[in-house]
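Please open the model in the viewer and keep the sequence panel visible. This tour proceeds by selections, each followed by a description of what is found there.

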Amino acid sequence: MQIGRVIGTVVSTAKEPALEGRAFLVVRFLDLDARETAGYVVAVDAVNAGVGDVVLVATGSSAR
């Protein structure tokens, strides 16, 4: 898991049926001092986060 800040959204013209109604967010990773790093990821929004919000990004088995 990593902490990041939402910096934008992504629009999809076709989605897996299980992802219908969910937004895709662009999340820039943060270091321990809350400074943005070079890494980013597109994440599925499960908590209605918005641009500027700090979020926890789960990957792998913890995301299931």
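Contact, in this tour, means heavy atoms within 4.5 Å. The model is predicted: local features need pLDDT of at least 70 and side-chain atom pairs count only at pLDDT 80 or more, while totals for chains, interfaces and linings use all residues. Residues are numbered from 1 along each chain as its sequence is written, and side-chain values use heavy atoms, with hydrogens and water left out.

**First stop: L56 and its strand**

Select L56, which lies in strand 4. Strands here are DSSP runs of E with at least two residues, numbered from the N terminus. Leaving aside neighbours within four places in sequence, L56 is in contact with M1, Q2 and I3. Is L56 buried or exposed? L56 counts as exposed because its relative accessible area is 54%; the classes are buried under 20%, exposed over 50% and partly exposed in between, with a 1.4 Å probe and protein chains only. Next, display the C-alpha atoms of L56 and L30: they are 26 residues apart along the chain and separated by 10 Å.

Extend the selection to residues 54-57, the whole of strand 4. The side chains alternate along this strand: V55 and V57 point to one face and are buried, whereas V54 and L56 point to the other and are not.

**Second stop: the strand pairings**

Add residues 2-10, which form strand 1. Two strands pair if DSSP finds at least two bridges between them. Strand 1 and strand 4 run antiparallel and are joined by 4 bridges. Within this pairing, Q2 stands opposite V57, and R5 stands opposite V54.

Now add strand 2, residues 24-30. Strand 1 and strand 2 are antiparallel and pair over 6 bridges; T9 of this pairing faces L25 in strand 2.

Continue with strand 3, residues 36-44. Strand 2 is joined to strand 3 by 6 bridges, and the two run antiparallel. Highlight R28 and its bridge partner in strand 3, Y40. The two strands form a hairpin with 5 residues between them, and A34 in the turn has a positive phi of about 65°.

**Third stop: V42**

Select V42 in strand 3. With a relative accessibility of 45%, V42 counts as partly exposed. Residues up to four places away in sequence not counted, V42 touches V10, F24, L25 and V26. The C-alpha atom of V42 is separated by 16 Å from that of G21, 21 residues away along the chain.

**Fourth stop: the nonpolar core**

Which residues make up the largest nonpolar core? Select V6, L25, V27, A43, A49, V55 and V57, which are its 7 residues. Strand 2 and strand 4 are the elements that give two or more residues to this core. A nonpolar core is a set of buried Ala, Val, Leu, Ile, Met, Phe, Trp, Tyr and Cys residues joined through side-chain atoms within 4.5 Å. Center the view on A43: neighbours within four places aside, A43 is in contact with A23, F24, L25 and V27.

**Last stop: the lining of a pocket**

Finally, consider which kinds of residue line the largest pocket. On a 1 Å grid over the protein atoms alone, a pocket is an open set of points where a 1.4 Å probe fits, with protein on both sides within 12 Å along at least five of seven lines; lining residues have an atom within 4 Å of a point. The lining divides into 14 nonpolar, 1 polar and 2 charged residues; Ala, Val, Leu, Ile, Met, Phe, Trp, Tyr, Cys and Pro count as nonpolar, Asp, Glu, Lys and Arg as charged, and the others, Gly among them, as polar. The largest share of this lining, 4 residues, comes from strand 3.
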